[in-house]
Amino acid sequence: MIIAQMRAAIRCSTRITLRITLAATLTAFTFFSVPNAAFAIGESSRMVASAARIAGNEARTRVVIDFAEEPEFEVHYLDSPERIVVDLPSTDFAFPAKDLEAAGLFRDVRFGTMDEGRARIVLTAKKPVRLAISEVQPNSEGNGVRLVLDAEITDKATFASLVKDQSWQPPSPVTTASVDGVVSGKSDRQAQFIIAVDAGHGGIDNGAQGGKTGTHEKDITLAFAKELTDRLNKEPGIQAVLTRESDEFLALSERVQIARQKGANLLISLHADTLKQKGIRGATVYTISDRASDRMAAELAERENLSDELAGVAMPASQPEVADILLDLTRRETQAFSVTLAGNILASFEGQIGLINNPHRYAGFRVLQAPDIPSILLEMGFLSNPEDEKLLLDVEWRKKLADVMAKAVGKYHNQFVANGG
């Protein structure tokens, strides 16, 4: 009895200390996002990019995009890797994606929505580049205009100067100074068990694409996120919230930040990737780990972690190391909770939802790295597999998946409450 009382007293003292230490420590982590207030272009109606083309070689490459009216635009440079970022007003890209596939100097080209007022084109280069021409010209046919971007190779020093000397500054870090209140609220046992449901990808980041239908992963994840949120909100004592409610881009760190700001007890990130091996199908649940469980997990994590880079978000030079013992203990406890949730979900899937071999896997997914929020990544299936693609687009199957998931999370919640919250 005395030992139990001592343990309880130590636990209480540790929680109080942890709130202070965790809040102070987490402010050291930086979260990169593109501030909405910093971009004033495009508050009017949406523009339409009706056609596009790209041509050239690894010395000079031209990108041309047709508009009915002249667009305002801004050009920025980002390094690590070398990227040219073109910010536009809110724009509908009405041409086929294949018309602007990477070529010449560029190894990747992305375009799409950033938020309600902005669109973006990101040209990821194979080597240092600069724009020799970036201007709007009248179309030769006399109707509409075209945005012309002529890129040419340059040296590393010149590119570094372009990054350093531009008037536009990369997105500023956003700290989590409000974490203290969130942690304190959880310690006082909030009335609702809050789950952040994160629809992977969005906006400029389409994610994977269905092999048969061409459906974007971002649309599948958002549709299922809404379905799952509605179903979770029917479970007693559970409140589910979305990290994104529309086709918008969120940096990986923003997703974690939103979950924390909403006081989330859990984060569930939803995905439907593609694989080279089209025969592989079924659901997978991932948890965080410094070492990947297998090569497939490592490759998936690497691709998912590129989301920010390919959308033109400035990358931190390095992640700060945190040696605090209490924070490390929190990470370990959080990881244990994540593994428990993964086990509950996979047990509920047996006989209900198809699973791949070894369905609990782990890797270094950045969206799962919150030290204070148990987090899992659910790969619902693979868009590279025709049977999985069919299921992912099936409304009734998604309802079934949401129901099974909600029951598993409800079981986890009951365990959480039984163990003292």
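This passage describes the sheets, cavities and selected local features of a predicted model.

The predicted protein contains 10 helices and 17 strands, and buried residues account for 50% of its 421 residues. Of the contacts between residues at least 6 apart in sequence, 79% join residues that are at least 24 apart.

Among the sheets of the model is an open one of 5 strands, arranged in the order β6-β2-β3-β10-β9 with mixed pairing. Its edges are formed by β6 (91-93) and β9 (129-138), each of which pairs on one side only, and the twist from one strand to the next averages 25°. Within this sheet, strand β3 (residues 60-67) and strand β10 (residues 145-153) run antiparallel and are joined by 8 bridges; in this pairing Val-64 stands opposite Val-148 of β10.

A further antiparallel pairing is found between β7 and strand β8 (residues 118-125), again described by its bridges, of which there are 8. The two strands are connected by a hairpin through 2 residues, and the bridge partner of Phe-111 in β8 is Ile-121. Strand β7 (residues 106-115) is largely enclosed by the rest of the structure, because 8 of its 10 residues are buried.

The loop between β4 (74-78) and β5 (83-89) holds Pro-81, and Ser-80 lies in the loop between β4 and β5 as well. Ser-80 and Pro-81 are joined by a cis peptide bond, with omega at about 0°. The backbone of Ser-80 also has a phi near 55°, which is a positive value in a residue other than glycine. Ser-80 counts as exposed, because its relative accessibility is 55% and the exposed class begins over 50%.

Helix α2 (residues 156-165) includes Val-163, a residue that counts as buried because its relative accessibility is 17%, where the buried class lies under 20%. When residues up to four places away in sequence are not counted, Val-163 touches Tyr-77, Leu-78 and Asp-79. Val-163 and Ile-84 are separated by 79 residues in sequence, and their C-alpha atoms are 9.9 Å apart in space.

Another open sheet is built from 6 strands in the order β13-β12-β14-β17-β15-β16, and its pairing is likewise described as mixed. Strands β13 (238-242) and β16 (355-363) lie at the edges, each pairing on one side only, while the average twist from one strand to the next is 20°. At the β13 edge, strand β12 (residues 193-199) runs parallel to β13 and is joined to it by 5 bridges, with Ala-196 standing opposite Val-241 of β13. Helix α6 (residues 295-305) lies across β14 (266-271), β15 (283-288), β16 and β17 (375-379), and runs at about 60° to β16.

Edge strand β16 also contains Asn-358, for which phi is near 50°, a positive value in a residue other than glycine. With a relative accessibility of 57%, Asn-358 counts as exposed.

The structure holds 2 cavities of 30 Å³ or more. The largest cavity has a volume of about 60 Å³ and is lined by Asp-198, Gly-200, His-201, Asp-205, Leu-252, Arg-255, Ser-269, His-271, Glu-304 and Ser-307. The elements contributing two or more residues to this lining are α5 (252-261) and β14. In terms of residue class, the lining of the largest cavity comprises 1 nonpolar, 5 polar and 4 charged residues.

For the second largest cavity the volume is about 30 Å³, and the lining consists of Leu-252, His-271, Glu-304, Asn-305, Phe-365, Arg-366, Val-367 and Leu-377. This lining divides into 4 nonpolar, 2 polar and 2 charged residues. Leu-252, His-271 and Glu-304 appear in the linings of both cavities.

How values were computed:
Residues numbered from 1 in each chain as written. Predicted model: local features only at pLDDT ≥ 70, side-chain atom pairs only at ≥ 80, totals over all residues. Heavy atoms only, no water. Pairing = 2+ DSSP bridges. Helix = DSSP H or I, 4+ residues; strand = E, 2+ residues; numbered from the N terminus. Axes fitted to C-alpha atoms, helices over the stretch in contact; angles between N-to-C directions. Contact = heavy atoms within 4.5 Å. 1 Å grid on protein atoms, 1.4 Å probe; cavity = no way out; pocket = protein on both sides within 12 Å on 5 of 7 lines; lining within 4 Å. Points joined across faces, edges and corners; volume = space filled by probe spheres on them. Nonpolar A, V, L, I, M, F, W, Y, C, P; charged D, E, K, R; others polar. Buried < 20%, exposed > 50% of the residue type's maximum accessible area, 1.4 Å probe, protein only.
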